[in-house]
Amino acid sequence: VVSPESFVPLHLEGGRFDVAVHGDDVGFPLEALDELKRYEEAIVAVAAALWRAENPGRKNLPPNFADSVRLRLTGLEKGSVRTRIATMKSSGKIAAADLSWGPAARSLFVAALAAVVAGQPVPIEFPDSALPALAKVAKGLQASETAVFQGGGGAGVRYGVADQQRLAERVRTTRSRNGQLMGRFTAFNADAQSFSFRQRFGTLIPGRFLNVGHLEQIRDLTEKRADAPYVLIDCAYALDVKDQVTAVEDLSIITVVSRPSDPHGDEVRRLVEFAPGWMEGGGAAPAAKALVWLRAFTNACADGEVELPVIFPTEEGGLMVEAQDGAVRWSLEVEPDGSPLIVVAGGGRPATVDEPDTAAAAVRSLKEFRA
Amino acid sequence: VTDEQTTVELPGAPPAGTPAATCGAPAEAAPPVAAPAVEVPLEKRDEPLWRLVHPNYFKDGLIGSDAFNDKTRQVSVVRSSVCSAEEAYEYHHRAPDRRCAGAWAVTTGEALDTGSGVIDDSALEAVTTPGHSYIDMRHFERKERHVAKATLAAAANDRGRQHPPLTP
C-alpha cells in the first residue's frame with residue numbers, strides 16, 4: 001500500500017532523460033534504474049545508522065525497519081522525468097515512532113549532498129557507516145545528466161557524476177594539512193614512534209613522529225590520567241571527508257600549554273577547558289596562543305612571588321587577567337593571536353595603556369600597580 | 001557568594017523596594033515613562049544603568065572587564081528609571097537557560113566619560129526588554145575599547161553588586 005502523501009521528489013535531467021521527454025510519453029531508461037536503487041540504499045543506510053545512534057543498547061534493527069524506509073517507483077510524471085517515488089505505509093509491524101527515520105534520513109542525505117556540491121565538508125552528524133552508500137549515489141549517471149534531490153524546501157540539490165567522483169575520492173582518501181592541534185598525549189610507543197593524542201574537545205586519534213629527537217619530550221608529557229599536560233603541537237595531520245582530524249602524520253614542535261606541576265597549572269587548565277559556546281551558546285574557546293601566553297605569565301608570577309590576579313575568558317577567544325585596588329583596575333588582555341595589552345583605569349584618573357614585550361614585563365607592571 | 005563589597009546607594013536610583021515604572025510593576029505604580037519613538041541618546045548623567053553579568057565574568061569577588069563588552073560593540077544595559085536592579089535581573093532570567101551572576105551598575109555619566117554613546121533603544125520593535133539601552137562602543141579601536149570596558153568594570157565593581165545583594 002502506498003501513501004499518496006509520502007512522495008519523495010527526485011528529478012532526473014539531461015542526457016538519456018531528456019531523450020525520454022522528447023516523445024509524447026515520458027519514459028525511463030531501464031539501464032538507469034540502478035540509480036534509483038543506489039538512492040534507496042543510501043537512505044536505508046542513513047536511517048539505520050540514525051536509529052542505531054539513538055538506540056545504542058539494542059543490537060538489531062526493529063523488525064521491518066528497512067521496509068519503513070524503503071522507496072517504490074510508482075510512476076513518472078508527464079513532461080519530464082520526474083519520478084514518482086513513494087514511501088510505504090506502515091504494515092502495522094513497525095512502531096509509529098520508527099516511521100520518522102525515513103524523512104530524517106532523507107533530510108540528512110540532501111544536506112550531505114548539498115555540502116558536497118558546495119565544496120564543504122560532509123555534515124558532522126552524517127553517519128560514517130552510510131558514507132560508502134552516499135558516495136555511490138549518481139555513480140551511473142552520464143556527464144550530461146543531473147539528479148535533483150529535494151529536501152526541506154528550496155530549489156533542491158543538483159547532483160552529478162562529477163560531484164559523485166569528488167565525494168568518492170574524498171571518502172577513499174584522507175587529505176593532509178599542516179597546522180596546530182591542542183590536546184594531550186595519552187599513550188606512547190617508543191619503538192613504533194607512535195602515540196595516542198586526545199584532542200582538546202575532540203576525539204582520540206593516533207599519531208606518529210619521524211624525528212626520534214621528540215622521544216624524550218613525548219615520554220615526559222604522556223599521561224593516561226585526565227590531568228595529563230595539555231600541549232600544542234605543530235604538525236601534519238590527516239582530515240577525513242567531514243574535515244575531522246583522523247591522525248597526526250608527523251610533528252615538528254611541541255609547546256606545553258598547561259601541566260599539573262606548574263605553579264598555577266590548575267588555573268591555566270581551567271581556562272584551557274572552556275569549551276566553545278560557554279556563554280549562552282556563544283563564546284569562543286580560549287585560543288592556543290593566548291593560553292601559551294597565559295602560562296608564561298602565571299609562571300612569571302610564581303617566579304616573582306606575585307599573587308595571581310583573576311583570569312577570565314573573553315567572548316572572542318582571548319583572556320583577561322585582572323586585579324582591582326579600590327576603584328582602580330589593572331587589566332591585561334591577551335588577544336586570541338597572543339598579543340597582550342595592559343590598561344590601568346578607573347577612579348577618575350587618566351588611563352594608561354602599555355604593550356608588554358614579555359610575560360615578565362607584564363608581571364612587573366602588576367607589581368608596580370600593587371605597590 | 002562571599003565578598004567584601006557592599007551595595008551602595010546610587011545617585012538617581014529609586015530607593016530599594018520602590019516599584020519601577022514599567023518593568024513588572026503593579027498597575028497602580030507610578031505612571032509609565034513615555035517610550036521614545038526612536039533610538040534616543042541618554043544625557044541624564046547620574047542615572048544608574050544595570051548591567052547583567054554572566055557567571056563566567058564574576059570570579060573571586062571581581063567582575064571581568066569583558067562583562068562590558070559585546071561582539072556587536074553595543075553593550076546592553078537597563079535603565080534604572082524603568083526597572084529596579086531586581087526587576088532587571090528577574091526579567092533577564094525569564095529566558096530559558098539564561099544564566100546571570102547578578103546586576104551591577106554604572107551611571108550614564110561614567111559611560112559617556114569613556115567616549116561611548118549611551119542610547120535608549122527600548123522603543124524599537126525588535127527590542128523587548130523594558131528600559132533596554134546600550135553603551136555604544138562601535139567607534140572604538142582595540143585600545144580605546146579596552147580602556148572603556150576596564151573603566152566601567154572598575155566603577156561597577158567598586159560600587160558592588162546591586163542585585164542579588166552580596167552577603168559579607
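**Exercise 1. Place A:Leu30 in chain A and classify its accessibility.**

A:Leu30 sits in the loop that connects helix H1 (15–22) with helix H2 (33–54) of chain A. This is a predicted model. Next, take the accessibility. The relative value for A:Leu30 is 68%. Exposed means over 50%, so A:Leu30 counts as exposed. Last, look at its partners. A:Leu30 forms a nonpolar surface patch with A:Leu33 and A:Leu73. Together they have about 290 Å² of accessible area.

**Exercise 2. Find the salt-bridge partner of A:Glu31 and compare the burial of the two residues.**

Start with the pair. The side chain of A:Glu31 meets that of A:Arg16 in a salt bridge, at 3.1 Å from N to O. Now locate both ends. A:Glu31 is in the loop between H1 and H2 of chain A, while A:Arg16 is in helix H1 of chain A. They are 15 residues apart, and the pair links distant parts of the chain. Then classify. A:Glu31 has 58% relative accessibility, so it counts as exposed. A:Arg16 has 14%, so it counts as buried; the cut-off for buried is under 20%.

**Exercise 3. Work out what the salt bridge between A:Glu355 and B:Lys143 joins.**

First, the distance: the two side chains meet at 2.9 Å, N to O. Second, the locations. A:Glu355 lies in the loop between strand E15 (349–354) and helix H10 (359–370) of chain A. B:Lys143 lies in helix H3 of chain B, so the pair joins two chains. Third, the accessibility. A:Glu355 is partly exposed at 47%. B:Lys143 is partly exposed too, at 39%. For context, the whole structure has 29 salt bridges over all chains. A network of salt bridges also links A:Glu267, A:Arg270, B:Lys59 and B:Asp60.

**Exercise 4. Lay out the open sheet of chain B and the helices that contact its strands.**

Begin with the order. The 6 strands run E1-E7-E8-E5-E2-E6 in chain B, with antiparallel pairing. Next, the edges: strand E1 (40–41) and strand E6 (102–107) of chain B each pair on one side only. At the E1(B) edge, 2 bridges join E1(B) to strand E7 (residues 117–120) of chain B. There B:Val40 stands opposite B:Asp120.

Now add the helices. Helix H1 (residues 85–92) of chain B packs on the sheet and touches strand E2 (48–53), strand E5 (74–79) and E6 of chain B. Its direction makes about 35° with that of E2(B). Helix H3 (residues 142–159) of chain B lies across E6 and strand E8 (132–136) of chain B. Helix H3 of chain B runs at about 115° to E6(B).

Conventions: Residues are numbered from 1 along each chain as its sequence is written. Chains are lettered from A and ligands numbered from 1 in the order in which they are written. This is a predicted model: local features need pLDDT of at least 70, side-chain atom pairs count only at pLDDT 80 or more; totals for chains, interfaces and linings use all residues. Side-chain values use heavy atoms; hydrogens and water are left out. Two strands pair if DSSP finds at least two bridges between them. Helices (H or I, at least four residues) and strands (E, at least two) are DSSP runs, numbered from the N terminus. Contact means heavy atoms within 4.5 Å. Axes are lines fitted to C-alpha atoms, for helices over the stretch in contact, and angles run from 0 to 180 degrees between N-to-C directions. Patches are made of residues with over 30% relative accessible area and no salt bridge: like charges are joined within 9 Å, nonpolar side chains (Val, Leu, Ile, Met, Phe, Trp, Tyr) within 5 Å. Accessible areas come from the Shrake-Rupley method with a 1.4 Å probe; for residues, only the protein chains shown count as cover. A salt bridge is a side-chain nitrogen of Lys or Arg within 4 Å of a carboxyl oxygen of Asp or Glu. Buried means under 20% relative accessible area, exposed over 50%, partly exposed in between (1.4 Å probe, protein chains only).
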